[in-house]
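Have the sequence and the model open side by side. The paragraphs below walk through confidence, ring contacts, enclosed spaces and a few backbone details.

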Amino acid sequence: MYGLEQLGTDLLAWFDEHQIVLPWRGMGDPYAIWVSEIMLQQTQVKTVIPYFERWMTLFPSLKALAAAPQDAVMKAWEGLGYYSRARHLLAAAQIVVEHYEGQIPRHWTALRRLPGVGDYTAGAILSMAYDQRVPAVDGNALRVFSRLALIREDVSRSLGKRLITSVIQDAMGHISRPGDFNQAVMDLGRDVCVPQRPNCGVCPVRQHCRAHAAGEERLLPVKPGTRPPRDLVLAAALVEREGRFLLVKRRSVGIWGGMWSLPTVELPSLLVTDSETCQTAAAREWGLAGWPFQLGAAVVTLKHQLTHRSLTIPVFEAVLPGMPPAGFEFSWVGPDEWSSVPLPVPFARLLDRLDAGPLFRQAAHDGCVRPFRLL
């Protein structure tokens, strides 16, 4: 690659003309930039925009976020996925308020020590909010600069990432708008220098691209094959008492960490084809976990796709004699409260479909599993 100074000039000129309008751009607010970058991890821009706007209404400042209850934060994140991001954001905000007087650190080391802040997020905040020449190296940057510099190293490994980061750092040394440069690289990777069929004909920096000159743009970046999503079966129990349903707060690790959901247990995927075997196995697994459910028939089998998981969730009618076992945080929630509880998407949709009429408002149970109806 050649002409690093001209590369930056050409890229920024293209960005000035073609950048898309986003609610967090041009604000210069480190908190807004931080929130947007955390939301954008593994999530498309069009999905993030309404979540960001709602978040900034609910938690307009870092101090407002730090003072918010975790359930309110998780509810605001509901449906965005990768829920550890929300928990880390809340924990980091509390640390910044307690130890940095509410001011997001301007130094790399301090930023990197905050929960959920990796190299990319630190680079984005320092360059976009504080105008520091720090690369923000995400998947787009790895792809763009592996092509520009004809780097054939595996970009998923440390050597490939170090080489590309070094090239970006050199390029940033020749420009005066580091935040815009990082955003221009992201936009270029998203809209032009795309993974399978890069649009070299409209690329503003193709004259600087060694991979294009060598005819290798479609061969880069080098990375290992993507593993297919793993199948996961979670049996769920739908338990009702006097019109209210049993929800359990999930542990912070694993899928939907920190959210509320129906009680679930993991089952071998081969069981879903046999409803009776599935029911028996679910009862056994719940028993081992201390839940003595009396299971009825399956109400419905839910399907839900996560990035790395393909979920199948048979939902069983159930009665729970007595109270939930010790060690579980639980709550009995009625239909009028569902909208205020942070729920995983498949369970939120299920509860919305339940017929919450007189069937669910009986004064007492007789120990029998009652039939549920879906709207």
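**A walk through the predicted model**

Among the elements of the protein chain, helix α4 (residues 62–66) has the highest mean pLDDT, at 98. Helix α13 (residues 275–288) has the lowest, at 87. This is a predicted model, and the chain as a whole averages a pLDDT of 89. A score of at least 70 is reached by 92% of the residues. One stretch needs care. Over residues 358–371 the pLDDT is below 50. That stretch still has 31 contacts in the model beyond near neighbours in sequence. Where pLDDT is low, predicted coordinates should not be read in detail.

Turn next to the aromatic rings. The structure holds nine aromatic pairs. A ring pair is described by the distance of the centres and the angle of the planes. Take Trp-55 and Trp-77: their rings lie 5.5 Å apart, centre to centre, with 80° between the planes. That makes the pair edge-to-face. What does this pair tie together? Trp-55 lies in helix α3 (residues 45–58) and Trp-77 in helix α5 (residues 70–77), so the pair ties together parts that are 22 residues apart in sequence. Both tryptophans, Trp-55 and Trp-77, are buried.

Another edge-to-face pair joins Trp-291 and Phe-328. Here the centres are 5.0 Å apart and the planes meet at 65°. Trp-291 sits in the loop between α13 and β5 (294–305), while Phe-328 sits in the loop between β6 (309–319) and β7 (330–333). The pair therefore ties together parts that are 37 residues apart in sequence. Are the two partners buried or exposed? Trp-291 counts as buried because its relative accessibility is 3%. Phe-328 has a relative accessible area of 24%, so it is partly exposed. These two rings also belong to a cluster: ring pairs link Trp-286, Trp-291, Phe-293 and Phe-328.

A charge meets a ring as well. The charged end of Arg-54 sits over the ring of Tyr-51. The distance to the ring centre is 4.9 Å.

Now look for enclosed space. There are two cavities of 30 Å³ or more. The largest cavity holds about 110 Å³ of space. Which residues come closest to its centre? They are Arg-147, Cys-193, Cys-200, Cys-203 and Cys-209, out of 14 residues that line this cavity. Helix α9 (residues 139–148) gives the largest share of that lining, with three residues.

Open space comes next. The largest pocket has a volume of about 1800 Å³. Its lining is made of 45 residues. Nearest the pocket centre lie Gln-41, Gln-42, Asp-138, Gly-139 and Asn-140. The elements that give two or more residues to this lining are α2 (30–40), α8 (119–128), α9 and α11 (178–191). The largest share comes from α11, which gives five residues. Helix α9 thus helps to line both the largest pocket and the largest cavity.

Gln-42 deserves a second look. This residue lies in the loop between α2 and α3. At 61% relative accessibility, Gln-42 counts as exposed. Its phi is positive, at about 65°, although Gln-42 is not a glycine. Most residues other than glycine have a negative phi, and most peptide bonds are trans. Glu-242 also has a positive phi, about 50°, and is not a glycine. Find Glu-242 in the loop between β1 and β2. Its relative accessibility is 52%, so Glu-242 counts as exposed.

The peptide bond between Leu-220 and Pro-221 is cis, with omega about 0°. Pro-221 is placed in the loop between α12 (210–214) and β1 (230–241).

Finish at Gly-258. This glycine is found in the loop between β2 (244–249) and β3 (260–261). With a relative accessible area of 4%, Gly-258 is buried. What does Gly-258 touch, leaving aside its neighbours within four places in sequence? Its contacts are Gln-70, Met-74, Arg-87, Lys-249, Arg-250, Arg-251 and Ser-252. Gly-179 is 79 residues away from Gly-258 in sequence. In space the two glycines, Gly-258 and Gly-179, are 33 Å apart, C-alpha to C-alpha.

Notes: Residues are numbered from 1 along each chain as its sequence is written. This is a predicted model: local features need pLDDT of at least 70, side-chain atom pairs count only at pLDDT 80 or more; totals for chains, interfaces and linings use all residues. Side-chain values use heavy atoms; hydrogens and water are left out. pLDDT is the predictor's confidence in each residue, from 0 to 100. Helices (H or I, at least four residues) and strands (E, at least two) are DSSP runs, numbered from the N terminus. Contact means heavy atoms within 4.5 Å. Rings of Phe, Tyr and Trp (its six-membered ring) pair if their centres lie within 6.5 Å; planes under 30 degrees apart count as stacked, over 60 as edge-to-face and the rest as tilted. Buried means under 20% relative accessible area, exposed over 50%, partly exposed in between (1.4 Å probe, protein chains only). A charge sits over a ring if NZ of Lys or CZ of Arg is within 6 Å of the ring centre and within 35 degrees of the ring normal. On a 1 Å grid over the protein atoms alone, a cavity is a set of points where a 1.4 Å probe fits but cannot get out, and a pocket is an open set with protein on both sides within 12 Å along at least five of seven lines; lining residues have an atom within 4 Å of a point. Grid points are joined across faces, edges and corners, and a volume is the space filled by probe spheres set on the points.
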